[in-house]
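Please look through the sequence and the model shown here before reading on. Some questions with worked answers come after them.

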Amino acid sequence: MSTQSLGDARPRLGLTLALLALAQLIYALDLNIVFVALPRIGADLGFPGQTQQLVVSAYVVFAGGFLLFGGRAADLLGRRRVFVLALTLYAVSSLAGGLATSPAVIIAARAIQGIGGALLLPATLALLNSLFAEGPQRNRALAVWGGAGASGLTIGALLGGLLTQHFGWPAVFFVNVPLAGLVALAALAVIPRDPGRGERRRFDIPGALSVTGGSTLLVFALVEGPELGWGSLPVAGAFVLAAALLVVFALVEARSADPLMPFRLFRNRSLTVGMLVTFVYMATFGVLPYFLTVLLQSIHGYSALQTGLAFLIPSLAIAAGTQAGERLATRIGTRASLLIGFAIGVPGTAVLALGFDAEVGYGLLVPGLIVSGVGQGIVWTAMWIAAATGTATHEQGVANGIASTALNIGNAIGLAVFTVIADLGTGGKTGQALRAATADGEFLVVMLTAAGMIAGLLITLTLPRLRRDVTGAERPEPSRAATG
């Protein structure tokens with residue numbers, strides 16, 4: 001490659017990274033932006049109070065169910081094609097959601113947004129991991145991408161409050177239309193074209209249908225269990241059908257010549273550990289924003305805008321942690337970075353629990369939010385590096401689909417378990433007694449998440465020690481037999 005072409009490639013990679021980070025910002029923003037608008041949506045469209053949660057659940061269920069499908073689609077159909085398709089789905093479904101005049105339309109729009117998210121996340125990660133060389137370059141790209149995600153969570157809470165207050169709830173949907181549309185168009189100009197397809201490969205339709213159906217039903221059961229009751233027919237039936245479909249999926253994959261999820265990928269211990277860490281991460285760190293929101297709004301009476309502002313401190317701490325995670329991973333390795341992240345997160349989250357008290361103010365939360373947030377950011381960057389290490393470029397999509405599915409299911413299980421624990425002592429209480437009991441339940445939950453992070457630390461210890469090659473990428477240490 002000539003000096004001139006190298007000069008052209010660097011700015012293009014920089015623009016590509018900016019677009020991928022913007023896509024992650026949109027994805028993260030959409031997780032939070034609807035929350036504060038739910039009461040207005042319910043009032044205008046005639047949702048009964050408890051069914052308003054379906055606006056959130058529809059997104060979560062379909063995003064979780066289609067992640068593995070999205071990862072494989074990125075590998076087989078092309079990462080740029082799927083990236084642009086996902087953003088187009090976001091724009092169209094957001095427009096439909098903003099124009100909705102009935103509960104059915106807005107729930108359907110959110111479901112399609114969820115499918116868009118399931119296509120977008122693994123496609124974005126696959127582009128990052130294939131366009132940026134393994135090692136320092138990829139680590140920096142993942143840190144920028146992760147920082148954009150942390151910013152999106154705060155911007156979502158702030159923007160949702162501002163838009164709903166000044167322009168009405170449809171604005172939280174309409175804001176996605178130009179954002180997603182512009183990034184999709186820019187991607188066509190900036191992101192390199194997908195390479196021509198080599199050998200023709202099957203999509204594994206039976207595998208895709210069984211795992212998508214099973215994953216969707218599993219996430220539905222986990223999300224709706226606390227609302228409908230764990231023994232209710234829809235929830236119990238969803239668990240049974242999910243188990244049956246996932247068994248079918250395993251049988252199909254074992255016999256398929258070109259499986260949707262090749263089980264041989266799990267021989268890569270870095271991917272397997274990365275997947276387990278993402279599960280633990282979202283079951284522990286990932287549930288904290290929900291309980292913090294309940295503490296601030298339901299116990300301390302914060303407005304939506306005040307709550308968004310309160311999230312600025314943890315978001316800045318997480319963003320700082322993502323950058324520290326990149327530097328640590330580049331200098332001392334992924335394994336050591338994960339250990340440091342969890343080692344910071346455990347005491348930081350335990351200190352954070354002290355602020356979950358009905359009688360104390362926001363100031364007591366701040367030290368824990370900062371320390372826990374830094375640990376969270378370090379783990380976030382390092383776990384995606386682990387999940388991508390050692391996987392062939394043409395299978396990065398499905399590898400990231402696997403890790404993303406573990407992330408989503410970890411969050412669903414964590415919330416399902418911890419919301420039940422948090423509510424144990426609140427029955428029959430009202431007023432100040434209810435607020436005190438809710439705070440006590442949340443204190444216990446936050447302490448349990450800190451304990452759960454120890455599991456992440458122990459899992460990380462099973463990650464193999466890696467050596468660095470001349471590019472700075474990590475490679476398995478050669479065995480003694482091989483070197484002797």
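The questions below deal with confidence and with charged side chains in this predicted model.

Q: In which helix of the protein chain is confidence lowest?
A: The mean pLDDT of the protein chain is 84, and 91% of its residues reach 70 or more. Over residues 478-484, however, pLDDT stays under 50, and the model has two contacts beyond four places in sequence for them. Where pLDDT is low, the predicted coordinates should not be read in detail. Confidence is highest in helix H16 (residues 334-353), at a mean of 95, and lowest, at a mean of 37, in helix H20 (residues 480-483).

Q: Does Asp-75, which forms a salt bridge with Arg-79, count as buried or exposed?
A: In the salt bridge between Asp-75 and Arg-79, the closest N and O atoms are 2.7 Å apart. A residue counts as buried under 20% relative accessible area. Arg-79 has 10% relative accessibility and therefore counts as buried. Because Asp-75 has 13% relative accessibility, Asp-75 likewise counts as buried.

Q: How many residues apart are Asp-194 and Arg-81?
A: Asp-194 and Arg-81 form a salt bridge whose closest N and O atoms are 3.5 Å apart. Asp-194 lies in the loop between helix H9 (176-190) and helix H10 (205-228), while Arg-81 belongs to helix H5 (residues 79-99). At 16% relative accessibility Asp-194 counts as buried, whereas Arg-81, at 45%, counts as partly exposed. The pair links distant parts of the chain, and the separation is 113 residues.

Methods. Residues are numbered from 1 along each chain as its sequence is written. This is a predicted model: local features need pLDDT of at least 70, side-chain atom pairs count only at pLDDT 80 or more; totals for chains, interfaces and linings use all residues. Side-chain values use heavy atoms; hydrogens and water are left out. pLDDT is the predictor's confidence in each residue, from 0 to 100. Helices (H or I, at least four residues) and strands (E, at least two) are DSSP runs, numbered from the N terminus. Contact means heavy atoms within 4.5 Å. A salt bridge is a side-chain nitrogen of Lys or Arg within 4 Å of a carboxyl oxygen of Asp or Glu. Buried means under 20% relative accessible area, exposed over 50%, partly exposed in between (1.4 Å probe, protein chains only).
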